[in-house]
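I opened the notebook to look up metal sites, cysteines and charged pairs. My entries follow the order in which I checked them.

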Amino acid sequence: MAVVNLEERFQEKIDAEVKIEPKDWMPDAYRKTLIRQISQHAHSEIVGMLPEGNWITRAPSLKRKAILMAKVQDEAGHGLYLYSAAETLGISRDEMYDQLHTGKAKYSSIFNYPTLTWADMGAIGWLVDGAAIMNQVPLCRTSYGPYARAMVRICKEESFHQRQGFETLLVLSRGSAEQKAMCQDAINRWWWPSLMMFGPPDAESPNTIQSMKWKIKRLSNDELRQKFIDMCAEQVKVLGMTLPDPDLKWNEERQHYDFGPINWNEFYEVLKGNGPCNKQRLDARRKAWDEGKWVRDAAEAFAQKREAVRKVA
Ligand SMILES: [Fe+2]
Ligand SMILES: [Fe+2]
């Protein structure tokens, strides 16, 4: 069949909300876009374990430690579902790891910021996982079947992450003057980077139109960012804290909060590798990969041995 017809039929399926499955025909650009997006997403989950892993040994109580460990383990699981989803598009896991370790692939810039105090565990859960959910709920309906199905479970777990973060901040916000100050400071540091998680403004996001036509993406960066700001501007009142934006104000006419300018220079600098922890994060991943070599070798040797026994039998 001619490519034109194949492309037309592909788009008809998308328009009719029929999921695209691994063995279906798809345009090369659709496949490439998805491999890029899903692998970046997987890398973000894995690198995202590092800033919080930093606090597991210093959690203030056994209960907090158990919660934080469960959350960090969830993120590892998210990475694994997503690597599996990307593999169905014809890229191997080794290739994806290689792209991460050589700096060819990106991951969410938010994880290049340091976690300075315990309150950062709360701010990350509330704001970073909160922004992730905003981005990810529409992805449960994304057009590629394996990605959409992975997102359903991920979103359920993310919503637990957000709640535990909010609750951590709530406890601090009702504590001593020092704890209150710690809570406010963490919100101040994580607020702007979490707004950047939605990506550049729509006008500077050239791939958005095609991704929306293919229904990989359902809402634009600016739409999602606005929804997130509207939600947080209300939730922060429950904490009795403030968001670090003097321009944040309810706009009756728009029925949304207005907000101040985002420092996109900072975003692009961190993206280029110049954030506070870029080097540290990549070094940690490479070290983990190198130190895990004996485990991979042993697993491989064991598999070969078992296969040999099976053949003899
Ligand atoms: Fe996650
Ligand atoms: Fe999460």
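Is Lys 279 buried or exposed? I looked this up in the model, which is predicted. Lys 279 counts as exposed, because its relative accessibility is 62%.

**Entry: the Lys 279 pair**

I followed the side chain of Lys 279 to its partner. Lys 279 and Asp 283 meet in a salt bridge, at 2.6 Å from N to O. Both belong to helix α12, which covers residues 278–291. They are four residues apart there, so about one helical turn separates them. I also checked the acid. Asp 283 comes out as partly exposed, at 31% relative accessibility.

**Entry: other salt bridges**

I asked how many salt bridges the structure holds. The count is 21. I noted the general background as well: side chains of opposite charge can pair when their charged atoms come close.

I picked Glu 307 next. Glu 307 forms a salt bridge with Arg 310, with 2.9 Å between the closest N and O atoms. Helix α13 (residues 293–312) contains both, three residues apart, or about one turn of the helix. Glu 307 is partly exposed, with a relative accessible area of 33%. Arg 310 is exposed, at 55%.

Then I took Arg 189. Its salt-bridge partner is Asp 120, and the closest N and O atoms are 2.7 Å apart. What does this pair tie together? Arg 189 sits in helix α8 (residues 177–196) and Asp 120 in helix α6 (residues 119–136), so the pair ties together parts that are 69 residues apart in sequence. The accessibilities of the two ends I looked up separately. Arg 189 counts as partly exposed at 25%. Asp 120 is buried, with a relative accessible area of 0%.

One network also went into the notes. Salt bridges link Glu 52, Lys 71, Glu 75 and Asp 129. I kept Glu 75 and Asp 129 in mind, since both are listed among the protein donors of the iron ion (ligand 2).

**Entry: iron ion (ligand 1)**

Which residues supply the protein donors of the iron ion (ligand 1)? I found Glu 45 (OE), Glu 75 (OE), His 78 (ND1) and Glu 158 (OE). These donors lie 2.0 to 2.2 Å from the ion. Along the sequence, the donor residues are spaced E-x29-E-x2-H-x79-E. His 78 lies in helix α4 (residues 62–87) and Glu 158 in helix α7, so this pair ties together parts that are 80 residues apart in sequence. I checked the burial of His 78 too. His 78 is buried, with a relative accessible area of 0%.

Next came the geometry. The four donor atoms make angles of 86 to 145°, and the site is irregular. The tetrahedral class requires all angles to lie between 85 and 135 degrees, so the upper value of 145° rules that class out.

**Entry: iron ion (ligand 2)**

I repeated the lookup for the iron ion (ligand 2). Its protein donors are Glu 75 (OE), Asp 129 (OD), Glu 158 (OE) and His 161 (ND1), at 2.0 to 2.2 Å. Their spacing along the chain reads E-x53-D-x28-E-x2-H. This site is irregular as well, with angles of 88 to 162° among its four donor atoms.

How far apart are the two iron ions? They lie 3.4 Å apart, and Glu 75 coordinates both. Glu 158 also appears in the donor list of ligand 1 and in that of ligand 2.

I then placed two of these donors. Glu 158 and His 161 both lie in helix α7 (residues 145–173), three residues apart, about one turn of the helix. Glu 158 is buried, with a relative accessible area of 1%. His 161 counts as buried too, at 0%.

**Entry: cysteines**

How many disulfides are there? The count comes to zero. I looked at Cys 140 for the reason. The closest cysteine sulfur to that of Cys 140 belongs to Cys 155, and the 3.8 Å between them is too far for a bond. The cut-off I needed for this step is 2.5 Å between sulfur atoms. Cys 140 is partly exposed, with a relative accessible area of 23%. I checked Cys 277 last. Cys 277 is buried, with a relative accessible area of 4%.

Technical notes:
Residues numbered from 1 in each chain as written. Chains lettered and ligands numbered in written order. Predicted model: local features only at pLDDT ≥ 70, side-chain atom pairs only at ≥ 80, totals over all residues. Heavy atoms only, no water. Donors = N, O, S within 2.8 Å, 3.2 Å for Na, K, Ca; no water. Tetrahedral: all angles 85-135°; square planar, octahedral: opposite > 155°, others 65-115°. Helix = DSSP H or I, 4+ residues; strand = E, 2+ residues; numbered from the N terminus. Buried < 20%, exposed > 50% of the residue type's maximum accessible area, 1.4 Å probe, protein only. Salt bridge = Lys/Arg side-chain N within 4 Å of Asp/Glu carboxyl O.
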